[in-house]
Structures are given as structure tokens and as C-alpha cells.
Amino acid sequence: MESFHLVSREYKPEDTVVTVGEVKIGGGHRAYIAGPCSVEDEKQIREIAEGIKGAAHILRGGAFKPRTSPYSFQGLGEAGLRLLKEAGQQVGLPVVTEVVSEQEVELVAGYVDMLQIGARNMQNYALLKKVGAQSKPVLLKRGLAATIEEFLLSAEYILAAGNSQVVLCERGIRTFSGSPTRNTLDLSAVPILRHLTHLPVIVDPSHGTGLWNLVEPLSKAALAAGAHGLMIEVHNHPQEALSDGPQSLKPEKFRMLAGELNALAQFLDEQSAGGKAWKV
Ligand code: PEP
Ligand code: MN
């Protein structure tokens, strides 16, 4: 089988550092991405942005949502992009949001600092080529049933199209489980990817588990496994969230967790464990 090339450690032995606004991810740099699953209204995204300020490095919020059901909230579209951008400016954080179709890449890139390719679109090759042909950094999530090789080949599409600013995100895969966890978070992917590729690797324990009270232990495990960062869903009123409330932390809980993660990261650096590309 023809395999990946530009993303491989053989092609580029040193870690790639991806820059989002002024935030660096990769190499010795870790970053936390936090915010709601969906941008719902101005008050919601502003309150959450204020709530994560000082603890998170990048604000997230979906405006174009890939929902399993066509009857679920689909996102605010361009109005959501505008609210996300304004909330980011208000707290001085760069912003990331998902782009679901190649037709919307330019529109979305005009509002945000980083483009997210969701799990359901990991093998949408036209979309991968399109985000590869523009200059904003890309957050590529692992497909629900993608192998490590398929994941890396999707990243290869983006690099081959000219954009090497790509962050990989493990977000859980489909196994026979499905209950009580939404997905099975594959933390073994972290050291394996760190071994195979120079690209930064982060973990999303929110979609990976579907349960807010599993976010803390799996965030810590992800850093210990060598992740360069985390993507965590945060909502000011999880019970009323229009999407993914059960997996969302409240802002104060997120701030507490970020403090604990910083202490853990410092410990890992002292042991030179967290920054290591593990041999597999
Ligand atoms: C998201 O980050 O909101 C999302 C839809 O994630 P995933 O593509 O991993 O399901
Ligand atoms: Mn979500």
C-alpha cells in the first residue's frame, strides 16, 4: 500500500510547531482549546469566553454543525462565525471552528484563526484539498472508524496541497461500546502518532467519552501519554445546551482542571516524559 510521506518523521525528524494567532502547539508547546460545542447566541459565547479566559489558549465554538439528525440544531452559520470572532477578540483569544463543506472554506477562513475538519469529514478529500490550498492552520479530527494510517493519509492530503500547519486530534473511535461512553478514546494513538509523525497531536476527551465527569481523568491521561494539548467542550449552562451538554464542563470546573493540567505538564517536563516521542 502506498503510504504517507510528507507527514512522516522520516521526512521531517523534528516536531512541527503550529501557530494559531500567537499560540504555539507542538514541540515543547502545549495548548488547551475550550468552548461550547455550538455558538448559540451572543450572551452564551461571550460568557463562556470570559469564563475560560486565562486558562484556555484558543476559543472554540461550532457555527456549521455536522449533526447526526437533520432535526437537531444545525448551528447559526455565518452569524455564529461573527459572534465567535467577536467573543475571541473580546478576551484576546484566537478562535477555531469547524468547516463542513468545501464551498464554505473561504467564508469560514475569513472569520477564524484555525479551521477544524470534523471526524465525519476526515475522508472528505475535496474538503481536505481545499483547506490544504489556503494558509490558515487546520485541526484534523480522527474519523470515527479510521485507522492510524488512514488518519495520517488524510493529513497527507492537506500537506500535499501546500499547508503544513496541521494539528491531529484523537477524539474517540467506534467500538462495540457506545454505552455509557459515546466513543472509545484511543489514547494509544497519541504515542503511536508521536512516533510516526512530526505533526502535533492533541486529544478531545469530550467527544471521546460523551460524559463530562470523564473529561478530567482522560485529559490527565492524554497529557501523560504525550499529547500536545486538549480540546474540551465548556458550556455555562450544560443542561440547556443545544448540543453536547452532557459532555460539557462548566467554566469554573474547566479553570480548575487547567490548573491541575499545568501542574501535571510541569511534572512531565521535569521527568522529560510528556515531550517525548515514545518508541513503539
Ligand atoms: C466538534 O468538535 O464539535 C465535533 C463535532 O467533533 P467530532 O467531529 O470529533 O465529532
Ligand atoms: Mn460537540
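**Entry 1: Asp244**

I started at Asp244, which sits in the loop between S10 and helix H9 (251-270); helices (H or I, at least four residues) and strands (E, at least two) are DSSP runs, numbered from the N terminus. A note on what I am looking at: this is a predicted model, where local features need pLDDT of at least 70, side-chain atom pairs count only at pLDDT 80 or more, and totals for chains, interfaces and linings use all residues. My bookkeeping is that residues are numbered from 1 along each chain as its sequence is written, chains are lettered from A and ligands numbered from 1 in the order in which they are written, and side-chain values use heavy atoms, with hydrogens and water left out.

Asp244 is not a glycine, yet I found a positive phi of about 60° there. Its relative accessible area is 16%, so I log Asp244 as buried (under 20% relative accessible area; exposed is over 50%, partly exposed in between; 1.4 Å probe, protein chains only).

**Entry 2: the manganese ion**

Which protein atoms hold the manganese ion (ligand 2) as donors? I listed Cys37 (SG), His207 (NE2), Glu233 (OE) and Asp244 (OD), at 2.0 to 2.4 Å from the ion. Donors here are N, O and S atoms within 2.8 Å of the metal (3.2 Å for Na, K and Ca), and water is not among the atoms, so sites may look incomplete. Along the sequence the donor residues follow the spacing C-x169-H-x25-E-x10-D. One pair links distant parts of the chain: His207 is in helix H7 (residues 205-209) and Glu233 in strand S10 (residues 229-233), 26 residues apart.

I also checked burial for that pair. His207 counts as buried at 8% relative accessibility, and Glu233 is buried at 1%.

**Entry 3: ligand 1**

Next I looked around ligand 1, counting residues with a heavy atom within 4 Å of it. Among them are Cys37, Arg60, Lys65, Lys141, Arg171, His207 and Glu233. Cys37, His207 and Glu233 were already on my list of manganese donors.

For polar contacts (pairs of N or O atoms within 3.5 Å; within protein, one must be able to donate a hydrogen and the other to accept it, and residues adjacent in sequence count only if both atoms are side-chain atoms), I noted three side chains. Lys65 has a polar side-chain atom 2.9 Å from an oxygen atom of ligand 1. Lys141 brings a side-chain N or O atom to 2.9 Å from an oxygen atom of the ligand. For His207, the distance to a ligand oxygen is 3.4 Å. Ligand 1 taken alone exposes 300 Å², and the protein buries 97% of that (Shrake-Rupley areas, 1.4 Å probe; for residues, only the protein chains shown count as cover).

**Entry 4: the nonpolar core**

I then turned to the largest nonpolar core, a set of buried Ala, Val, Leu, Ile, Met, Phe, Trp, Tyr and Cys residues joined through side-chain atoms within 4.5 Å. It has 67 residues, and Leu140 is one of those that touch the most other members. Setting aside neighbours within four places in sequence, Leu140 is in contact (heavy atoms within 4.5 Å) with residues including Ile117, Phe151, Ala155 and Val166. A second, separate core of 14 residues includes Val20, Ile33, Val96 and Leu139.

Ala155 lies in helix H5 (residues 148-160) and is buried, at 0% relative accessible area.
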